[in-house]
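This report describes the strand and helix arrangement of one chain. The account begins with a single backbone feature and then turns to the elements around it.

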Amino acid sequence: MKRKDYISWDEYFMSVALLAAMRSKDPNTQVGACIVGEDKRIISTGYNGFPRGCSDDEFPWDREGEDTKYPFVVHAELNAILNAGGRNLSGSKLYVALFPCNECAKAIIQAGIKTVVYLSDKYDGTPSVLASKRMLRAAGVKLEKFEPETDKLEIKFR
Ligand SMILES: [Zn+2]
């Protein structure tokens, strides 16, 4: 008899997105994304961070003041799209911890991603997310809220 307590595809891919988020150096927000092909193979992952060559120690992580992180940070979704290295993402699914902003929505649509599975929608109603949803819906991208059946998955090294 096969195991009954194996994780679902959705749990697996969302977990990979959350694991990628753990690589983020952002002290306030850690977001991860995972792009999956129609054949259930992972194409790419990404997390929020500064572009290559822009040092995590030199660029600002501040959210307020004169020098904030906002002009510099690449979001997880865009990093995942760029990390795919030009591979065809048509029909793919993007798993992401946080509902995509309007800038990422543009990239998601243009990359041909067909479905967005998200965990949190905590910025729902903000201008960015309103614009994002408007574009994603107009482009026919399916939006699915991930509803986990368990609160947590544990990974043990020992
Ligand atoms: Zn974004």
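Gly 85, which comes just after helix α2, takes a positive phi of about 60°. This value, like every other one in this report, is computed from a predicted model.

**Helix α2**

The helix that precedes this glycine, α2, spans residues 76-83 and lies across β1, β2 and β3. Its direction runs at about 140° to β2. Helix α2 is mostly covered, with 6 of its 8 residues buried. The buried residues are Ala 76, Glu 77, Leu 78, Asn 79, Ala 80 and Ile 81. Their packing partners are α1, β1, β2, β3 and α3.

**The sheet**

The strands over which α2 lies, β1, β2 and β3, belong to an open sheet of 5 strands. The order is β2-β1-β3-β4-β5, and the pairing is mixed. Strands β2 (42-47) and β5 stand at the edges; each has a single partner strand, so one side of each is left without a neighbour in the sheet. From one strand to the next, the twist averages 20°.

Helix α1 (residues 9-21) also packs on the sheet, where it touches β1, β2, β3 and β4. The direction of α1 makes about 140° with that of β1.

Three of the strand pairings are set out below, each with one pair of bridge partners.

| Strand pair | Sense | Bridges | Bridge partners |
|---|---|---|---|
| β1 (residues 32-36) and β3 | antiparallel | 4 bridges | Ala 33 and Val 96 |
| β3 (residues 93-98) and β4 (residues 115-120) | parallel | 5 bridges | Leu 94 and Val 116 |
| β4 and β5 (residues 142-145) | parallel | 4 bridges | Tyr 118 and Lys 145 |

**Crossovers**

Which helix connects the parallel strands β3 and β4 in a β-α-β unit? Helix α3 (residues 102-111) does so, and the unit formed by β3, α3 and β4 is right-handed. The chain then crosses from β4 through helix α4 (residues 127-138) to β5, and this β-α-β crossover is right-handed as well.

Strand β4 therefore takes part in both units: β3, α3 and β4 make up one, while β4, α4 and β5 make up the other. Helix α3 is also linked to the region described at the start, as the buried residues of α2 pack against it.

Methods
Residues numbered from 1 in each chain as written. Predicted model: local features only at pLDDT ≥ 70, side-chain atom pairs only at ≥ 80, totals over all residues. Pairing = 2+ DSSP bridges. Helix = DSSP H or I, 4+ residues; strand = E, 2+ residues; numbered from the N terminus. Right-handed = clockwise from strand over helix to strand, strands pointing away. Axes fitted to C-alpha atoms, helices over the stretch in contact; angles between N-to-C directions. Contact = placed C-beta atoms within 7 Å. Buried ≥ 20, exposed ≤ 12 C-beta atoms within 10 Å, placed from the backbone.
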